[in-house]
Amino acid sequence: MRHKGELAARGCSLTTADRMASRKAGTRGKATATKQAQRGSSNVFSMFEQAQIQEFKEAFSCIDQNRDGVICKSDLRETYSQLGKVSVPDEELDAMLQEGKGPINFTVFLTLFGEKLNGTDPEEAILSAFRMFDPSGQGVVNKDEFKQLLLTQADKFSPAEVEQMFALTPMDLAGNIDYKSLCYIITHGDEKEE
């Protein structure tokens, strides 16, 4: 989930004027909007198996820190804080929220993941994620530190999965992960596989 929505700029909740404007717009063509919402949400739910939807619900709950059913800037900031990253720029959080094109409830959250999982993220998005672990900007990540993160954080890898990943991962002479080359392999495929 990266970038979209002005919800963050206004705080977590919609203003009274926003709610009234939303209701007014909703009364004009309510049937059409309802059909579109049903079609949209039924399509996104059909993209995943029930077990996957449950996992997404759990992830959504972890991010929705204030439990109001909508992910806002303070939810994201708290989530990052729990992951050990305390100084996330407001612009970065705003950009994440802007991806939802409005308030990010569970259906929007699921839709965002559906769009992302439909294909591989752009190479720049993957590079950006790796840069979080490369504060010096040298294009490499320490293999042992990264392995520890994979084994202990978020969706934990098994030791076998980590070794399988490292078997395909380009390393520099010091044994560090060359993440720029790895991103190329992820987005363009490994020439050795062809």
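Reader: In which helix does Leu149 lie?
Author: This is a predicted model, in which local features need pLDDT of at least 70 and side-chain atom pairs count only at pLDDT 80 or more, while totals for chains, interfaces and linings use all residues. Residues are numbered from 1 along each chain as its sequence is written, and side-chain values use heavy atoms, with hydrogens and water left out. Helices (H or I, at least four residues) and strands (E, at least two) are DSSP runs, numbered from the N terminus. Leu149 falls within residues 143-152, which make up helix α9.

Reader: What is the relative accessibility of Leu149?
Author: Buried means under 20% relative accessible area and exposed means over 50%, with partly exposed in between (1.4 Å probe, protein chains only). Leu149 counts as partly exposed, because its relative accessibility is 32%.

Reader: How much accessible area does the nonpolar patch with Leu149 have?
Author: Patches are made of residues with over 30% relative accessible area and no salt bridge, like charges being joined within 9 Å and nonpolar side chains (Val, Leu, Ile, Met, Phe, Trp, Tyr) within 5 Å. The areas themselves come from the Shrake-Rupley method with a 1.4 Å probe, and for residues only the protein chains shown count as cover. On the surface, Leu149 joins Met132 and Phe133 in such a patch, and together their accessible area is about 250 Å².

Reader: At what angle do the ring planes of Phe60 and Phe109 stand?
Author: Rings of Phe, Tyr and Trp (its six-membered ring) pair if their centres lie within 6.5 Å, and planes under 30 degrees apart count as stacked, over 60 as edge-to-face and the rest as tilted. A search of the whole structure finds 9 aromatic pairs. Phe60 and Phe109 have ring centres 5.3 Å apart, and the pair is edge-to-face because the planes stand at 70 degrees.

Reader: How many residues apart are Phe60 and Phe109?
Author: Phe60 belongs to helix α4 (residues 50-63) and Phe109 to helix α7 (residues 106-117), so that the pair links distant parts of the chain. Both Phe60 and Phe109 are buried, and both belong to a cluster of ring pairs that also takes in Phe45, Phe56, Phe106 and Phe113. Counted along the chain, the separation of Phe60 and Phe109 is 49 residues.

Reader: How many salt bridges does the structure hold?
Author: Side chains of opposite charge can pair when their charged atoms come close. A salt bridge here is a side-chain nitrogen of Lys or Arg within 4 Å of a carboxyl oxygen of Asp or Glu. The structure holds salt bridges to the number of 5.

Reader: How far apart are the N and O atoms of the salt bridge between Lys73 and Asp94?
Author: This salt bridge runs from helix α5, which holds Lys73, to helix α6, which holds Asp94, and the two residues are 21 residues apart. Both Lys73 and Asp94 are buried, Lys73 with a relative accessible area of 15%. From N to O, the distance between their side chains is 3.1 Å.

Reader: How far apart are the closest N and O atoms of Asp90 and Lys73?
Author: Asp90, in helix α6, and Lys73, in helix α5, are 17 residues apart in the chain. At 35% relative accessibility, Asp90 counts as partly exposed. In the salt bridge between Asp90 and Lys73, the closest N and O atoms are separated by 4.0 Å.

Reader: What is the relative accessible area of Arg131, which forms a salt bridge with Glu124?
Author: The closest N and O atoms of Glu124 and Arg131 are 2.7 Å apart. Glu124 counts as partly exposed at 46% relative accessibility. Arg131 is also partly exposed, because its relative accessible area is 36%.

Reader: How many disulfides does the structure hold?
Author: A disulfide is a pair of cysteine sulfur atoms within 2.5 Å. Cys62 is exposed, with a relative accessible area of 51%, whereas Cys183 is buried, with a relative accessible area of 0%. The number of disulfides in the structure is 0.

Reader: Which residues is Thr79 in contact with, leaving aside its neighbours within four places in sequence?
Author: Thr79 has its place in helix α5 and counts as buried at 16% relative accessibility. Contact means heavy atoms within 4.5 Å. With those neighbours left aside, the contacts of Thr79 are Cys62, Ile63 and Gln65.
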